[in-house]
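Student: Got a minute to go through this model with me? I'd like to talk through the strands, the odd backbone spots and any empty space inside.

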Amino acid sequence: MNGMHVVGDLIGSRYKVTGYLGEGGMQHVYRAFDSALNRDVALKSPKNNSAEKRFKRSAVVAAKVNHPNIAKTLDYVESDNRQYLIEELIEGKDLETALLAHTGCVDPYLGGRLFHHLAKGIAAAHHAGVWHRDLKPTNVMATGGYKLQEIKITDFGIAKMADEELADAAEKGESTLSTNATAVGALPYMAPEAIDAPRSAGRPADIWSLGAMMYRFVTGQLPFGAGLRAVGKILEAAPPSFPAFLSSNPQFAPLSAELMQLILSCLAKDPLARPDADELVRKCGMMCYPVDQRLIGTVRKIQYEAWGFILCEGKDIFFNMSSVYGARPKEGEQVVLSKYAGGGADRAHPVVVVQSPAT
């Protein structure tokens, strides 16, 4: 395995490493400056010999897809016997960090928007003859946090390498699937056929993974659990139940019902029974979900457990408990909200409690 790069390293006489962004199952990711085009980029290099053998092929696969909801593959470089994939730099965080780490789940309005954009990105890839194979929240980047200014699926090429490693793990049995480093993160979102016959899994496996991700986003739970126990449940593919809070609030129930139905269609055991990505785009486009800016505020006052005020950007915003999705807030807690002009104070809707400090 090759050593790590440090700030100042020059790759291919063009890309200067300016920082380390992190790592995935198959690659290290650096921030670099492209001196030829005067821009910052993401530079990815394989972590081990197995990944090196597949890196160029993965770059060719990723470069076939061009869509606003997919991170662009910009270049492929071989330098000093090492390989590098150059990708669009996204100044944001993966969805696990940007959304789920703070509120645990997202409200149906944000869920509908997220579903729509992810479906559009997947549809574009499928039209280009490419499927991801490793869709999960950590492989989707968002800018602006809950504002979701940009939503981009990453690692289409890297996922091809991950897919081969996942296939190897699946063929070795359930115990390997639950311990392999690459498989542990992917397993909760893997389709039954990706476990049972991994090398024949195709586009419908991406649809299943999207459904599993959306279940996680709107419920805060994994549809079939995690670890070894998830394998049997995924293979059985009994439709998962949904928490009561999705449908108990009349303000959110209609859109929640649409989302639940669409998610279940993605999680059909028979790959041929699942909708294709184009159908998902069409159905998401028919949903009524607002796209208003999301803000972070602090609950200042609650009256009679029925209504109160949220301090946001130096002003009081009125809210009613009927606009709360999920857990009810307490005074002093942070919440995510959208605001609308009202008589006197602005009105907040929806309101979602922040479980850990949000930025």
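Student: How many bridges join strand β3 to β4, and do they run parallel or antiparallel?

Tutor: Eight bridges, and the two strands run antiparallel. Keep in mind that this is a predicted model. For an example of a pair, Asp-34 has Arg-39 in β4 as its bridge partner.

Student: What sits between β3 and β4?

Tutor: Four residues, with the two strands forming a hairpin. Asn-38 is in that turn and has a positive phi of about 55°.

Student: Is β4 buried or exposed, mostly?

Tutor: Mostly buried: six of the eight residues in β4 (residues 39-46) count that way, so the strand is largely enclosed by the rest of the structure. β4 also pairs antiparallel with β6 (residues 82-88), through four bridges. Within that pairing, Leu-43 stands opposite Ile-86.

Student: OK, zooming out. How many helices and strands are in the chain?

Tutor: 12 helices and 14 strands. The chain has 359 residues, and 55% of them count as buried. As for contacts with a separation of 6 or more, 63% are between residues 24 or more positions apart.

Student: Which strands close into a barrel, and in what order?

Tutor: Five of them, in the order β10-β11-β12-β14-β13, with mixed pairing. From one strand to the next, the twist averages 50°.

Student: Take the β13 and β14 part. How many bridges there, and in which sense do they pair?

Tutor: Five bridges, in the antiparallel sense. Leu-337 in β13 (residues 334-340) stands opposite Val-351 in β14.

Student: Where's the cis peptide bond?

Tutor: Still in this part of the chain: the cis bond joins His-349 and Pro-350, with omega at about -5°. Pro-350 belongs to strand β14, which covers residues 346-353. As general background, most peptide bonds are trans.

Student: And what about phi? Which residue in the loop between β10 and β11 has a positive value without being a glycine?

Tutor: That's Glu-305, with a phi of about 55°. The loop holding Glu-305 connects β10 (295-303) and β11 (307-312).

Student: Is Glu-305 buried or exposed?

Tutor: Exposed, because its relative accessibility is 54%. Leu-148 also has a positive phi, about 45°, and is not a glycine either. But Leu-148 counts as buried, because its relative accessibility is 2%.

Student: Where is Leu-148, then?

Tutor: In the loop between β8 (140-143) and β9 (150-153). Those two strands run antiparallel and are joined by four bridges. Ala-142, for instance, has Ile-151 in β9 as its bridge partner.

Student: What sheet are β8 and β9 part of?

Tutor: An open sheet of three strands, ordered β7-β8-β9, with antiparallel pairing. β7 (93-94) and β9 are the edge strands, each with a single partner, so one side of each has no neighbour in the sheet.

Student: Which helix lies across β8 and β9?

Tutor: Helix α3, residues 108-127, running at about 40° to β9.

Student: New topic: cavities. How many of 30 Å³ or more turn up in a search of the whole structure?

Tutor: Two. The second largest has about 40 Å³ of space.

Student: What lines that second largest one?

Tutor: Ala-62, Ile-70, Ala-71, Thr-73, Glu-87, Ile-153, Thr-154, Asp-155 and Phe-156. By class, that lining breaks down into five nonpolar, two polar and two charged residues. Some of it ties back to strands we've discussed: Glu-87 is among the lining residues and falls within β6 (residues 82-88). Likewise, Ile-153 is in the lining and sits in β9 (150-153).

Student: One last residue, Ser-209. Which helix is it in?

Tutor: Helix α8, spanning residues 203-219.

Student: Why does Ser-209 count as buried?

Tutor: Because its relative accessibility is 6%, and the cut-off for buried is under 20%.

Student: What does Ser-209 touch, leaving out residues up to four places away in sequence?

Tutor: Leu-135 and Tyr-189.

Note on methods:
Residues are numbered from 1 along each chain as its sequence is written. This is a predicted model: local features need pLDDT of at least 70, side-chain atom pairs count only at pLDDT 80 or more; totals for chains, interfaces and linings use all residues. Side-chain values use heavy atoms; hydrogens and water are left out. Buried means under 20% relative accessible area, exposed over 50%, partly exposed in between (1.4 Å probe, protein chains only). Contact means heavy atoms within 4.5 Å. On a 1 Å grid over the protein atoms alone, a cavity is a set of points where a 1.4 Å probe fits but cannot get out, and a pocket is an open set with protein on both sides within 12 Å along at least five of seven lines; lining residues have an atom within 4 Å of a point. Grid points are joined across faces, edges and corners, and a volume is the space filled by probe spheres set on the points. Ala, Val, Leu, Ile, Met, Phe, Trp, Tyr, Cys and Pro count as nonpolar, Asp, Glu, Lys and Arg as charged, and the others, Gly among them, as polar. Two strands pair if DSSP finds at least two bridges between them. Axes are lines fitted to C-alpha atoms, for helices over the stretch in contact, and angles run from 0 to 180 degrees between N-to-C directions.
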